[in-house]
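Subject: A structure for you to explore

Hi,

Here is the structure I promised to pass on to you. Have a look at it first, and then read my notes below.

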Amino acid sequence: MAQIYISLGSNVNKEHYIQQALLALKSYFTPIEHSSVFESEAVGFAGNNFFNSVVGAQTDMPLLQLCELLKNIERDNGRTLNDKKFSPRTLDLDLLFYDDIVCDSPAQLPRDEITKNAFVLQPLAEIAPDFYHPVAKQTIAQLWGTYNNPKQKLWKVEFINP
């Protein structure tokens, strides 16, 4: 079984789509560990604030199949293939880790944004503080402890977990 971590993000009807993502992920992976939900300003473009969180689970699903599943969940929730990188979105599911695999295809692993964005790193540190980042050569708690980007602010929000 592979340990996986997936980031969830939405800034369009965000509570609804984060709940839908959690329901979908729970139907494939049991149990899941779910971080708090954080709200943050859009990064890279002007837009509505995002809700972000991270889910951890274990799977025997091959990496390629898992990547396809995440894209299908996004599409089932209104995401289109032609969305620009920095634009509003109903749902963004990014695979952060698949065990300690380092690769560029079918997904970049570990995901580069882990160490760059508070809205990924803080929720990940909440549920996986001792997980070892195979490229940064530090635990997630160590990475969060030294993270310093005062421009990225986020705050916990009340969220009803479905």
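Let's start with a single residue: is Gln3 buried or exposed? Please keep in mind that this is a predicted model. Gln3 has a relative accessible area of 18%, and the cut-off for buried is under 20%, so Gln3 counts as buried.

Where does Gln3 sit? It is part of strand β1. Not counting residues up to four places away in sequence, Gln3 touches Gly56, Ala57, Gln58, Phe97, Tyr98, Asp99 and Phe131. One of these, Ala57, also shows up in a polar contact: its backbone oxygen is 3.0 Å from a polar atom of the Gln3 side chain.

Ala57 leads us to the next strand. Ala57 belongs to β4, where it is the bridge partner of Ile4. Strand β1 (residues 2-10) and β4 are antiparallel and paired over 9 bridges.

β4 has other partners as well. Strand β2 (residues 33-34) is joined to β4 by 2 bridges, and the two run antiparallel; here His34 stands opposite Val55. Strand β3 (residues 38-40) pairs with β4 over 3 bridges, also in the antiparallel sense, with Phe38 matched to Asn52.

How many residues of β4 are buried? Of the 10 residues in this strand (residues 50-59), 9 are buried, so β4 is largely enclosed by the rest of the structure.

Now for the nonpolar residues. In soluble globular proteins, nonpolar side chains tend to be buried together. In this model, the largest nonpolar core has 31 residues, and Leu8, Phe29, Leu66 and Leu95 have the most contacts inside it. Two or more residues each come from β1, α1 (14-28), β4, α2 (63-76) and β5 (92-98). Helix α2 gives the most, with 6 residues.

Leu66 is a good residue to click on in the viewer. Leaving aside neighbours within four places in sequence, Leu66 is in contact with Ile4, Phe29, Met61, Leu95 and Tyr98. You have already met Ile4 as the bridge partner of Ala57, and Tyr98 among the residues that Gln3 touches.

Apart from that core lies another one, of 19 residues, including Val54, Phe97, Ile114 and Ala128. Phe97 may look familiar, since Gln3 touches Phe97 too.

If you would like a route through the model, begin at Gln3 in β1, cross to Ala57 in β4, and then go on to Leu66 in the largest core.

Enjoy exploring!

Best wishes

Conventions
Residues are numbered from 1 along each chain as its sequence is written. This is a predicted model: local features need pLDDT of at least 70, side-chain atom pairs count only at pLDDT 80 or more; totals for chains, interfaces and linings use all residues. Side-chain values use heavy atoms; hydrogens and water are left out. Buried means under 20% relative accessible area, exposed over 50%, partly exposed in between (1.4 Å probe, protein chains only). Helices (H or I, at least four residues) and strands (E, at least two) are DSSP runs, numbered from the N terminus. Two strands pair if DSSP finds at least two bridges between them. A nonpolar core is a set of buried Ala, Val, Leu, Ile, Met, Phe, Trp, Tyr and Cys residues joined through side-chain atoms within 4.5 Å. Contact means heavy atoms within 4.5 Å. A polar contact is a pair of N or O atoms within 3.5 Å; within protein, one must be able to donate a hydrogen and the other to accept it, and residues adjacent in sequence count only if both atoms are side-chain atoms.
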